[in-house]
Amino acid sequence: MNPQVHASFDPVTWTISYVVYDQRGGHAAIIDPVLDYDPKSGRTATTAADRLLDFVREQQLTLDWIIETHAHADHLSAAAYLKQQLGGRIAIGQQIDGVQRVFKGIFNLETGFATDGRQFDHLFADGDTFAIGQLQAQAIAVPGHTPADMAYHIGDAIFVGDTLFLPDVGTARCDFPGGDAAALYRSIRRLLSFPDHTRLFMCHDYPPDGRAPQWQCTVAEQRAHNIHVHDGVSEADFVQLREARDATLAMPVLILPAIQVNIRAGQLPPAEDNGTAYLKIPLNLL
């Protein structure tokens with residue numbers, strides 16, 4: 001059975017979140033939901049997440065899963081909010097524990113912050129299978145952008161996270177802690193070994209001038225046209241290109257707040273003794 005896919009584009013962070021479901025009145029998963037965050041005021045809002053919530057309720061869906069492809073650096077996760085509103089289990093790849101260890105040190109997080117992934121309801125290993133109602137799904141480890149990236153194969157569709165972008169944009173950066181351009185190349189080739197007609201759904205789009213945002217293509221289109229990793233590009237050539245490009249990129253605007261929330265499965269840091277939660281800004285470190 002192939003999934004029904006509802007995409008919701010957030011123009012602030014260029015993120016696409018998905019409701020993946022079997023049928024109206026059936027079961028669903030939400031992939032990569034966004035929590036609005038204003039870096040000028042430090043205020044959060046649920047505008048983007050409420051669009052997903054409204055769709056789930058309109059379609060009379062039971063939410064089984066809230067799935068993260070990785071601990072995002074460009075937006076905060078609304079997973080905890082959606083679980084509170086709709087239920088479901090929050091899941092991510094099991095290598096999140098390594099990401100948590102790295103960033104616990106970078107942010108000098110509280111002693112009680114656990115680095116074994118327990119903030120999430122479920123940790124997927126490579127090859128794990130799971131159900132979304134009548135849909136059968138499988139987790140695919142795709143490290144490279146981060147060590148913990150997972151793609152999710154559901155019917156004729158794969159949700160690739162930040163591993164790939166549209167063919168005219170290319171591929172994800174690999175210069176965050178634990179990133180590895182050679183690993184990303186191998187992950188991408190694994191995804192592009194699926195049948196040509198397989199639908200690929202991106203987590204972001206940064207369209208060139210003159211093109212409206214898009215988020216779906218096929219394996220065949222990626223193999224023929226991806227500007228970084230089309231058929232014929234060797235691993236060595238890709239690594240050289242990716243590392244040279246990464247050296248020119250600025251840090252994402254929201255990386256510091258986003259990582260602190262996303263390694264907590266979308267929960268804000270614990271409130272301090274005055275009742276207020278705080279995010280940390282490490283100086284002269286990244």
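Which residues of H1 are buried? Ala48, Ala49, Leu52, Leu53, Phe55 and Val56 are, and the first view below takes a look at them. A word on what you're looking at: this is a predicted model, where local features need pLDDT of at least 70, side-chain atom pairs count only at pLDDT 80 or more, and totals for chains, interfaces and linings use all residues. Residues are numbered from 1 along each chain as its sequence is written, and side-chain values use heavy atoms, with hydrogens and water left out.

**View 1. Helix H1 and its buried side.** H1 runs over residues 47–58; helices here are DSSP runs of H or I with at least four residues, strands are runs of E with at least two, and both are numbered from the N terminus. Its 12 residues reach 17 Å from first C-alpha to last, close to the 16 Å expected at 1.5 Å a residue (the expected span is 1.5 Å times one less than the number of residues). Buried in H1 are Ala48, Ala49, Leu52, Leu53, Phe55 and Val56, buried being under 20% relative accessible area, exposed over 50% and partly exposed in between, with a 1.4 Å probe and protein chains only. These residues sit on the same side of H1, because they cover an arc of only 160 degrees around the axis (the arc is taken from the directions from the helix axis to the C-beta atoms). What do the buried residues of H1 pack against? The list is strand E1 (4–10), strand E2 (15–21), E3, strand E4 (34–38) and helix H2 (79–86), with contact meaning heavy atoms within 4.5 Å. Just after H1, Gln60 takes a positive phi of about 55 degrees.

**View 2. Parallel pairing through E6.** Strand E3 (residues 27–31) pairs with strand E6 (residues 62–67) in the parallel sense, over five bridges. Two strands count as paired if DSSP finds at least two bridges between them. E6 also pairs with strand E8 (residues 89–93), again in the parallel sense, this time over three bridges. Ile66 is a handy residue to click on: Ile30 stands opposite Ile66 in E6, and in E8 the bridge partner of Ile66 is Ile90.

**View 3. The open sheet E5-E4-E7.** Three strands line up in the order E5-E4-E7, with antiparallel pairing. Strand E5 (43–45) and E7 are the edge strands, each pairing on one side only. E4 and E5 are joined by three bridges and run antiparallel. Look for Asp38, whose bridge partner in E5 is Arg43. Asp38 also forms a salt bridge with Lys40, the closest N and O atoms being 3.3 Å apart; a salt bridge is a side-chain nitrogen of Lys or Arg within 4 Å of a carboxyl oxygen of Asp or Glu. Asp38 is partly exposed at 27% relative accessibility, while Lys40 is exposed at 75%.

**View 4. Helix H7 under cover.** How many of the eight residues of H7 are buried? Eight of eight, so the helix counts as mostly covered. They are Ile255, Leu256, Pro257, Ala258, Ile259, Gln260, Val261 and Asn262. These buried residues pack against E4, strand E7 (76–77) and H3.

**View 5. Two more salt bridges.** The whole structure holds 14 salt bridges, and this view picks out the pair Arg264 and Glu110, with closest N and O atoms 2.8 Å apart. Arg264 lies in the segment after helix H7 (255–262) and Glu110 in the loop between helix H3 (96–107) and strand E9 (122–124), so the pair ties together parts that are 154 residues apart in sequence. Arg264 is buried at 8% relative accessibility, and Glu110 is partly exposed at 30%. In the other pair, Asp205 and Arg211 have their closest N and O atoms 2.8 Å apart, and both residues are buried. Salt bridges that share partners join Asp168, Asp205 and Arg211 into one network.

**View 6. Cysteines without a disulfide.** A search of the whole structure turns up zero disulfides, a disulfide being a pair of cysteine sulfur atoms within 2.5 Å. For Cys203, the nearest cysteine sulfur is that of Cys217, 14 Å away. Buried or exposed, where does Cys203 fall? Cys203 is buried, with a relative accessible area of 1%. Cys217 counts as buried too, at 5%.
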